[in-house]
Structure formats: structure tokens, C-alpha cells
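The following exercises ask the reader to inspect a structure step by step. Please attempt each task before reading its solution.

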Amino acid sequence: MKFRATAIGFTAILMWSFLALLTAGSGKMPPFQLSAVCFAIGSVPGFVMLVLNPARLALLNQPPKVWITGIAGLFGYHFLYFTALRNAPAVEAGLIAYLWPLLIVVGSALLPGERLRWYHVAGALAGLCGTFLIVGRNGIDFDGAYAVGYGAAFLCAFTWSGYSLLTRRFEAVSTDVVTGFCLATSILSFFSHLGLEATVWPETSVEWVAVVGLGLFPVGAAFYAWDYGVKNGDIQILGAASYAAPLLSTLILTLFGFAEPSWRIALACLLVTGGAVLAAQEMFRRKIPAQSAAAE
């Protein structure tokens, strides 16, 4: 059960790795408008399931702390991330924001029934080093003039890691509630767009396909998969494995001609993959004996 849930959680990481490619193909739609549209699309499959099975509507009746955590996690992360990108260079802001997998691994020690081992931290740090090679390939230069952006990026990292860790404490709450989180995030993003941006719509069918793809997968199904994974799977492994997202994203961009292959990518592959395997060794040790026993 735990292995399966962890695997489902990892599909969220795979879907997030297509975020850059689909965003690049979505045209010039500003970020809050894109977020509003994509989260609206992401909520549709959940509502279809609720309509097909109306009894599940009762699962949306959750305490305020569940709704506050979910909406703050999804909308708060994206609001802070966009704020960071508006007020600091994308490379530095992105690297700071991507501290969240390490924060999940370290913070998991505070969860009931979890123990933080040296290889969890070592695996997460290896992934962070791999991410540094990918994100900082053109150099890093932290400048105090961008303090607001850097601060927003730090809050972004703490927001998503905090959301993920708190979600684990709500393991009895059905993943159906993510539908409501997505809709609320879409509405809040829409009002942010009205106050901060000019409206720009996709100009071609390819751009529309990219927007729909974003809404169905990286900004849709991924959040349902992540919710199920962190509630029922190994959150420490998922935290360490999350560093695969920027690496896979770079590989995908390279495959489609948006980036050039380099030694940095090869080394990052070794660091991220090795770190994930190191962090997951305990789960693999449990899985192999179980399979051997079943075979006997």
C-alpha cells in the first residue's frame, strides 16, 4: 500500500516536469491569468467524479483548518512564486524556492511515526546539488537589491513544504477535497490577475492545447496525485525524489530543442538519481523481502 501510494505521488513529480515545456508553449498569457484558467480546468475532473457519484459530495464537508491549509498551500505557493519572479532574477528565485523538498525531508521528523535518517538528508542534499547545477548553469549572483523577491521565494519554499507536511496530518481527509482547493485557487488567481495584470489570451490552437494540458496535468492531476502520495506514501522519499522535477524538465526541454545537452545535465542526473535511490533504500529493502516471501 505504501509503495503504491509513493509511486502515485511520484507521478505528480513526473507531471510537474512538463510544466516548463507546456508553459513555454502556452503563449504570453500572464502568470495569474494562466493560473486562474489552469486551476479551473484542473478542478473539472474532480467535479465530474462528484457529479457521477453525488454521495462523495459529503467528503467536501471538512473543518476550516483543512480548507485553510489547502487553499493557502496551492494559492499561497503560486502567489509567492510569481511575486518572487517579479522581484528577483528567475535563477536565484527558483533555486531558493526549490528548497522545499529538503524542508519536507527534514520537517518529516516532526510527523508522528516518522524517523529522519542520515540517508534521507544526504539524498535530499544530493538532489539539491543536482538542482543547483541545472538552475544555476548560467551563474548565480545574489544581490541585496532583490531582497523582496528572495524573501518571497523563501516563503514560497516554506509554504509548499508546510502544506505537504500538514496534508500528511490530514490523512483521513479524502483527496476529493483537492477539487475545492483547485477551484478556490482559480478564483483567487482570477482576482489577482484583475488587480495586477493585463488580459492576454492564446493566439493559436497549439497554445490552447498547451494551456489545457497544463490544467489537466501539472496544474491539475498532479495535485491530486501529490495529495494521495504524501498522505499514504513515504513522504521522505517523495521529498528527496522531488528534485527530479527540474532535472526531468531540463531533459524534456532539451529533447524538444529548447535547451542544449551538457556535462551539467549528466552530472545532475547522477546526483538526483543517486540521491533519490539513497533516500529510498529503506523502502526498497522492505519491498524486496516482501516479494521474496510472496514467491515462496
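**Exercise 1.** Determine which residues of α3 and α9 meet in this predicted model.

*Solution.*
Step 1. On the α3 side, the contact is made by Phe32, Gln33, Ser35, Ala36, Phe39, Ala40, Ser43, Gly46, Phe47 and Leu50. On the α9 side, these residues meet Thr179, Cys182, Leu183, Thr185, Ser186, Ser189, Phe190, Ser192, His193 and Leu196.
Step 2. Sorted by character, the residues of this contact comprise ten nonpolar, ten polar and no charged.
Step 3. The axes of α3 (residues 31–52) and α9 (residues 177–196) come within 7 Å and cross at roughly 160°. Angles over 145 degrees count as roughly antiparallel, and α3 and α9 are therefore roughly antiparallel to each other.
Step 4. The crossing of α3 past α9 is left-handed.

**Exercise 2.** Explain why helix α6 is described as largely enclosed by the rest of the structure.

*Solution.*
Step 1. Buried means under 20% relative accessible area.
Step 2. The residues of α6 that are buried are Trp100, Pro101, Leu102, Ile104, Val105 and Gly107.
Step 3. Because six of the eight residues of α6 (residues 100–107) are buried, the helix is largely enclosed by the rest of the structure.

**Exercise 3.** State how many disulfides a search of the whole structure finds, and examine Cys156 and Cys129.

*Solution.*
Step 1. A disulfide is a covalent bond between the sulfur atoms of two cysteines.
Step 2. The search finds zero disulfides.
Step 3. For Cys156, the closest cysteine sulfur belongs to Cys182 and lies 17 Å away, too far for a bond.
Step 4. Cys156 is buried, at 0% relative accessible area, whereas Cys129, at 42% relative accessibility, is partly exposed.

Conventions. Residues numbered from 1 in each chain as written. Predicted model: local features only at pLDDT ≥ 70, side-chain atom pairs only at ≥ 80, totals over all residues. Heavy atoms only, no water. Disulfide = S-S within 2.5 Å. Buried < 20%, exposed > 50% of the residue type's maximum accessible area, 1.4 Å probe, protein only. Axes fitted to C-alpha atoms, helices over the stretch in contact; angles between N-to-C directions. Helix = DSSP H or I, 4+ residues; strand = E, 2+ residues; numbered from the N terminus. Parallel < 35°, antiparallel > 145°, perpendicular 65-115°, else oblique. Left-handed = near helix turned anticlockwise from the far one by under 90°. Contact = heavy atoms within 4.5 Å. Nonpolar A, V, L, I, M, F, W, Y, C, P; charged D, E, K, R; others polar.
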